[in-house]
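Q: Hi! I'm new to this one and would like a quick tour. Could you bring it up so we can chat through it?

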Amino acid sequence: AYTVLPSNTNQGYKPTQPIPFSHKKHAGLHKIPCQYCHSGVERSMHASVPGVHVCMNCHSVVKTDSPLIQEVRKAYDSGKPIEWVRVHELPDHARFNHGSHVRKGVSCETCHGDVKAMDKIVQAEPLSM
């Protein structure tokens, strides 16, 4: 006999972030590679959410008059991180290593979908392997 477990994939999860961020603009239009912001992913278990210092690498001179960038600047100057809402999260019992997948040539899009086309990030895939 087989047991069918309910799906708990969070596929379609699309939370509102404290500051709107467009991957479509950054990764799509401006072609910033995933690894620029999510550094260390090729050697780490996790693809960490970048700190505001990464944003400020460009935004110390780009679009500095934007109210949204001024919010990022305020966080940077105060030393307080922006409390981003995590989108892709595996269950506690799951062990996944980003680094080993990246080193084997698995593209980010395989699991995360066409992020370059997303104004608002969504968990496009079930991440169920």
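Q: Which residues does Ser22 touch, not counting residues up to four places away in sequence?
A: Ser22 touches Met118 and Asp119, where contact means heavy atoms within 4.5 Å. This is a predicted model, in which local features need pLDDT of at least 70 and side-chain atom pairs count only at pLDDT 80 or more, while totals for chains, interfaces and linings use all residues. Residues are numbered from 1 along each chain as its sequence is written, and side-chain values use heavy atoms, with hydrogens and water left out.

Q: Is Ser22 buried or exposed?
A: Ser22 is buried, because its relative accessible area is 13%. Buried means under 20% relative accessible area, exposed over 50%, and partly exposed in between (1.4 Å probe, protein chains only).

Q: Where is Ser22 placed along the chain?
A: Ser22 sits in the segment before α1 (23–29). Helices here are DSSP runs of H or I with at least four residues, strands are runs of E with at least two, and both are numbered from the N terminus.

Q: New topic: how many helices and strands are there in the chain?
A: The chain has six helices and zero strands.

Q: And which residues make up the largest nonpolar core?
A: That core has six residues: Ile19, Val52, Met56, Val72, Ala75 and Ile82. At least two of its residues come from each of α3 (52–59) and α4 (67–78). A nonpolar core is a set of buried Ala, Val, Leu, Ile, Met, Phe, Trp, Tyr and Cys residues joined through side-chain atoms within 4.5 Å.

Q: Is there a second core, and what does that one include?
A: A separate core of five residues includes Val87, Val115, Met118 and Ile121.

Q: Back to α3 and α4: at what angle do they pack?
A: Their angle is about 125°, and the axes are 10 Å apart. That makes α3 oblique to α4. Axes are lines fitted to C-alpha atoms, for helices over the stretch in contact, and angles run from 0 to 180 degrees between N-to-C directions. Angles under 35 degrees count as roughly parallel, over 145 as roughly antiparallel, 65 to 115 as roughly perpendicular and the rest as oblique.

Q: Which residues of α3 and α4 meet there?
A: On the α3 side they are Val52, His53, Cys55, Met56 and His59, and these meet Ile69, Val72, Arg73, Ala75 and Tyr76 in α4.

Q: Last one: how much of the chain counts as buried?
A: Of its 129 residues, 23% count as buried.
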